[in-house]
Amino acid sequence: MAITTLTPTALVKNTVSANLPVAGGTAIDADKTMQVLYPREGKLLLIFNNTAAGAKDFTISAGQYISSGIGAYTFSMAQDDVRFLVLDSTRFKDFDGLVSIEFADSTTGFVQAFSLPY
């Protein structure tokens, strides 16, 4: 399967961010897996926006570290819904440091990634 790479925007502690829209980011291509590099320090925040007609499923694949046995995380979003998700690296990161996101057929919308400082 083809891959879309998503680059996280680094947020800085005690600093106001740039004007970042909640609904926006990298467009979803339901035929591709989206991957994002988990930050070396801090946490990864993902923002999902479903613009498809009707509810769609989004899946964060299980990684390769100690908590990966919990499995993938799938959630459903209604049309025009926006959701925020902070990920646990020990469950979702693979050995290359990547987190993989898959989408139900015909999903449209956007994903944004942010690197959160400790």
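Author: Contact means heavy atoms within 4.5 Å. The model discussed here is predicted.

Reader: What does Ile60 touch?

Author: Leaving out residues up to four places away in sequence, Ile60 touches Leu46, Phe48, Ala72, Tyr73, Phe75, Leu85, Leu87, Phe92, Val99, Ser100 and Ile101. Ile60 is also among the residues with the most contacts inside the largest nonpolar core, along with Leu46, Phe48 and Leu87. That core has 20 residues. Strands supplying at least two residues each include β5 (43-50), β6 (56-60) and β8 (82-87).

Reader: Why is Ser100 called buried?

Author: Buried means under 20% relative accessible area. Ser100 has 13%, so Ser100 is buried. Ser100 lies in strand β9.

Reader: What makes the link between Ser100 and Gln35 a polar contact?

Author: The cut-off for a pair of N or O atoms is 3.5 Å. The side chains of Ser100 and Gln35 make their polar contact at 3.2 Å, so the pair falls within that limit. Ser100 also touches Thr33, Met34, Thr59, Ile60 and Ser61, among residues more than four places away in sequence.

Reader: How do you know that the protein chain is as compact as a globular protein of that length?

Author: First, the elements: the chain has 1 helix and 10 strands. The radius of gyration is 14 Å, and the globule rule gives 13 Å for 118 residues. The two values are close, so the chain is as compact as a globular protein of that length. Buried residues make up 42% of the chain.

Conventions. Residues are numbered from 1 along each chain as its sequence is written. This is a predicted model: local features need pLDDT of at least 70, side-chain atom pairs count only at pLDDT 80 or more; totals for chains, interfaces and linings use all residues. Side-chain values use heavy atoms; hydrogens and water are left out. A nonpolar core is a set of buried Ala, Val, Leu, Ile, Met, Phe, Trp, Tyr and Cys residues joined through side-chain atoms within 4.5 Å. Buried means under 20% relative accessible area, exposed over 50%, partly exposed in between (1.4 Å probe, protein chains only). Helices (H or I, at least four residues) and strands (E, at least two) are DSSP runs, numbered from the N terminus. A polar contact is a pair of N or O atoms within 3.5 Å; within protein, one must be able to donate a hydrogen and the other to accept it, and residues adjacent in sequence count only if both atoms are side-chain atoms. The radius of gyration is taken over C-alpha atoms; the globule rule is 2.2 Å times the number of residues to the power 0.38.
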